[in-house]
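Please look through the sequence and the structure below before reading on. The report that follows begins with one residue and then widens to the whole chain.

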Amino acid sequence: MSDAAARLVKTFRDFGGDDLRDLWIFDHHGYEHLYLRADVSDALECLDVSRFIDNERFGYVTRDTYETLYYADYGYTVRGFDSFEQFRTFVGDRPTGVLASFDRGADGRDFAALNDRVSALNDEFAGAELFSDPTARDRQP
């Protein structure tokens, strides 16, 4: 795992603690999990993760659409499910998608603060490669 990826995991662990369920990175060509809690790994065994990530790739289109429709820059997306919340953002010039989920908490989370931390980390590492093997584009968990 690259230094940038390790720091990204630490950022999400610091933010969510034990509530962090999973953390993924993806681009147009592949995906990779950086963190996967055991119970979530078990739940994903019966799912086609590639389809799940393909759905998140629509965010590239959504991001571009929001950039042209609104007077403010797109930052991140949060989705609520019955047992967890999901956060997605994009970093870098290419860009790389970052997707994570957290167990639902009673008090809510400051996802804007998380997005700011991820953006600052991206600036610090100057868009360094997050994938463990940038040449491998068929990454599977």
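## A buried arginine and its surroundings

R88 has its place in strand 4, which covers residues 84-91. Because this is a predicted model, every value in the report is computed from predicted positions. With a relative accessibility of 3%, R88 counts as buried, because buried means under 20% relative accessible area. Its side chain is in polar contact with the side chain of E56, at 3.0 Å.

What kind of pair do E56 and R88 form? The two residues form a salt bridge, in which the closest N and O atoms are 3.0 Å apart. Side chains of opposite charge can pair when their charged atoms come close. E56 belongs to helix 3 and R88 to strand 4, so the pair ties together parts that are 32 residues apart in sequence. Both partners, E56 and R88, are buried.

## The chain as a whole

The chain contains four helices and five strands, and, read from the N terminus on, its elements follow the order α-β-β-α-α-β-β-β-α. Of the 141 residues in the chain, 41% are buried. The accessible surface of the chain comes to about 8,000 Å², and 47% of it belongs to carbon and sulfur atoms. Among the contacts in the chain with a separation of 6 or more, 61% are between residues 24 or more positions apart.

One pair shows how places far along the sequence can be compared in space: Y31 and G97 are 66 residues apart in sequence, while their C-alpha atoms are 9.0 Å apart. Y31 is found in strand 2, and this residue is buried, with a relative accessible area of 5%.

## The nonpolar cores

The largest nonpolar core has 19 residues, and those with the most contacts inside it are L8, F12, L23, L34, V98, F102 and L114. Two or more residues of this core come from each of helix 1 (3-16), strand 1 (20-26), strand 2 (31-36), strand 4, strand 5 (96-103) and helix 4 (111-124). Helix 1 gives the most to this core, with five residues.

V98 offers a view of this core from one of its members. When neighbours within four places in sequence are left aside, V98 is in contact with L8, F12, L23, W24, I25, F26, F87, R88, T89 and V91. The list includes R88, the residue with which this report began. Apart from the largest core lies another core, of 10 residues, among them W24, Y31, V40 and L99.

## Salt bridges elsewhere

A search of the whole structure finds 10 salt bridges. Three of them are set out here, with the distance between N and O atoms.

| Salt bridge | N to O distance |
|---|---|
| R109 and D19 | 2.6 Å |
| D39 and R37 | 2.7 Å |
| E56 and R88 | 3.0 Å |

R109 lies in the loop between strand 5 and helix 4, and D19 in the loop between helix 1 and strand 1, so this pair ties together parts that are 90 residues apart in sequence. D19 counts as partly exposed, at 27% relative accessibility.

Are D39 and R37 buried or exposed? D39 counts as partly exposed, at 43% relative accessibility, whereas R37 is buried, with a relative accessible area of 15%. Salt bridges that share partners join R21, R37, D39 and D103 into one network.

## A buried asparagine and a surface patch

N115 is found in helix 4, where this residue is buried, with a relative accessible area of 9%. The side chain of N115 makes a polar contact with the side chain of T89, at 2.9 Å. Not counting residues up to four places away in sequence, N115 touches G75, Y76, F87 and T89. F87 and T89 are also among the contacts of V98.

On the surface, Y66, L69 and Y70 form a nonpolar patch, with about 340 Å² of accessible area together. One of these residues, Y70, lies in the loop between helix 3 (49-69) and strand 3 (76-80).

Conventions:
Residues numbered from 1 in each chain as written. Predicted model: local features only at pLDDT ≥ 70, side-chain atom pairs only at ≥ 80, totals over all residues. Heavy atoms only, no water. Buried < 20%, exposed > 50% of the residue type's maximum accessible area, 1.4 Å probe, protein only. Polar contact = N/O pair within 3.5 Å; in protein donor to acceptor, adjacent residues only side chain to side chain. Core = buried A, V, L, I, M, F, W, Y, C linked by side-chain atoms within 4.5 Å. Contact = heavy atoms within 4.5 Å. Patch = residues over 30% accessible without salt bridge, like charges linked within 9 Å, V, L, I, M, F, W, Y side chains within 5 Å. Areas by Shrake-Rupley, 256 points an atom, 1.4 Å probe, with all protein chains shown as cover. Salt bridge = Lys/Arg side-chain N within 4 Å of Asp/Glu carboxyl O.
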